[in-house]
Every structure is written in C-alpha cells, then in structure tokens.
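Trainee: I'd like a close look at one part of this model, the sheet and what packs on it. Could you walk me through it, and then show me the other places worth a visit?

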Amino acid sequence: MDPVETQSCFDVIELLFFAYRDFVSDPDRILTDYGFGRAHHRVLHFVNRQPGLTIAELLDILRITKQSLNRVLKELVEKGFVEQRTGVQDRRQRLLFPTVKGRDLALALSRLQGERIRRAIERCGEDDRQAALRFLFAMIDENDRDHVARLVYGAGQRKGQ
C-alpha cells in the first residue's frame, strides 16, 4: 500500500482506536473494583459464552501465551469467578465454566457494552449495523473467518457477510 492509500485509512484507524477506547472504558471501571483488567474480561466473556471451553480452545480464541492465560485464569478461579473441571472423556483436559458470580459479572459487563452498541445502532440504523458486521468480519484474517463465524454465530451460520 502506498503512502497515499495509507493516509486514506487514517480516519478508519483512528476511529477504531477511539471506538475501542470508549467500548472498553465502561467495563474497565467495574473491573478495577475487582482488581481485574481487560485480559480477565476477555477470558470471562468467552468462558461465559461457551461453558465447558477447554484451555486449548481458549488459547486459540485469545491468541495469548499459556503463561499469560494461566496468570489470569488463576486469579479468576481463586476469586470464584471461574471453575475448572476435569474432562469426562479426556481426564487431562481442564474444562472452564463460569460460576454464578462469574456469569453475573460477565453479563453486567456485556450489558454496558451492549448498551453502547445499541445506542450507536439506534443512531445509524439496521442497514448500517449490517454494514458494520460485514466490515468487522472482513477485518478478520481470511484463514480464521470460518472459526470466528462458528464462535460468534454457532455452527453452520455465517451472518454479517
């Protein structure tokens, strides 16, 4: 991409930065009360959305090191937000489940972010929502889109394309 094309993307780049800043600011305030950060939020979000997730699956979703995940997960388990269970078929597996406390926190954080999204969609309209979904999906690496579609929409569905 030549410098002129790069410059034409600065508005999108900067708007993504600012939108992300504000999108995470509401949960950040609550997470601070628990001594948690954004990594805790991401782990809690996906464990809550997919109870029974394995450590390997979570590492694949978050694309973080096992060391980073272990630190965050240890805190979430010790503070009673996530529980680990041994796999039924494979006893080496550790399956992750939100506790009631974990589910309540995950939903409280999602409500805050959902309200911000709802207000934005209300301003823009449903057509723009669909365009935003297509745009965000197109931003994902092509070789990971099927995987992300299954995580977000479930098996066999590919919305927002």
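Mentor: Happy to, and please keep in mind that this is a predicted model. Let's begin with helix 3, which lies across strand 1, strand 2 and strand 3. Its direction makes about 95° with strand 3. Helix 5, residues 66-78, packs on the sheet too, where it touches strand 2 and strand 3. The angle between helix 5 and strand 2 is about 105°.

Now for the sheet itself. It is an open one, built from three strands in the order 1-3-2, with antiparallel pairing. Strand 1 (53-54) and strand 2 (82-86) are the edge strands, and each has a single partner strand, so one side of each has no neighbour in the sheet. Strand 3 covers residues 94-98, and two bridges join it to strand 1 in an antiparallel run. If you want one pair to find on screen, try L53, whose bridge partner in strand 3 is L96.

From the sheet, let's move on to the largest pocket. It holds about 2,500 Å³ of space. There are 44 residues in its lining, and those closest to the centre are F23, I117, L133, L136 and V152. Helix 3, which we met on the sheet, is among the elements that give two or more residues to this lining. The others are helix 2 (10-34), helix 4 (55-62), helix 6, helix 7 (126-139) and helix 8 (145-153). Helix 6 gives the most, with nine residues. Sorted by class, the lining has 26 nonpolar, seven polar and 11 charged residues.

Helix 6 deserves a stop of its own, and Q113 is a good residue to click on. Q113 sits in this helix, which spans residues 100-124. Is Q113 buried or exposed? Its relative accessible area is 9%, so Q113 counts as buried. Leaving aside residues up to four places away in sequence, Q113 touches F23, V24, P27 and H41. You will recognise F23 from the pocket, as one of the residues closest to its centre.

One last stop is D144, which you will find in the loop between helix 7 and helix 8. Although D144 is in a loop, it is buried, at 13% relative accessibility. To place D144 against the helix that packs on the sheet, look for N70: the C-alpha atoms of D144 and N70 are 24 Å apart, with these positions 74 residues apart along the chain.

Key:
Residues numbered from 1 in each chain as written. Predicted model: local features only at pLDDT ≥ 70, side-chain atom pairs only at ≥ 80, totals over all residues. Heavy atoms only, no water. Helix = DSSP H or I, 4+ residues; strand = E, 2+ residues; numbered from the N terminus. Buried < 20%, exposed > 50% of the residue type's maximum accessible area, 1.4 Å probe, protein only. Contact = heavy atoms within 4.5 Å. 1 Å grid on protein atoms, 1.4 Å probe; cavity = no way out; pocket = protein on both sides within 12 Å on 5 of 7 lines; lining within 4 Å. Points joined across faces, edges and corners; volume = space filled by probe spheres on them. Nonpolar A, V, L, I, M, F, W, Y, C, P; charged D, E, K, R; others polar. Pairing = 2+ DSSP bridges. Axes fitted to C-alpha atoms, helices over the stretch in contact; angles between N-to-C directions.
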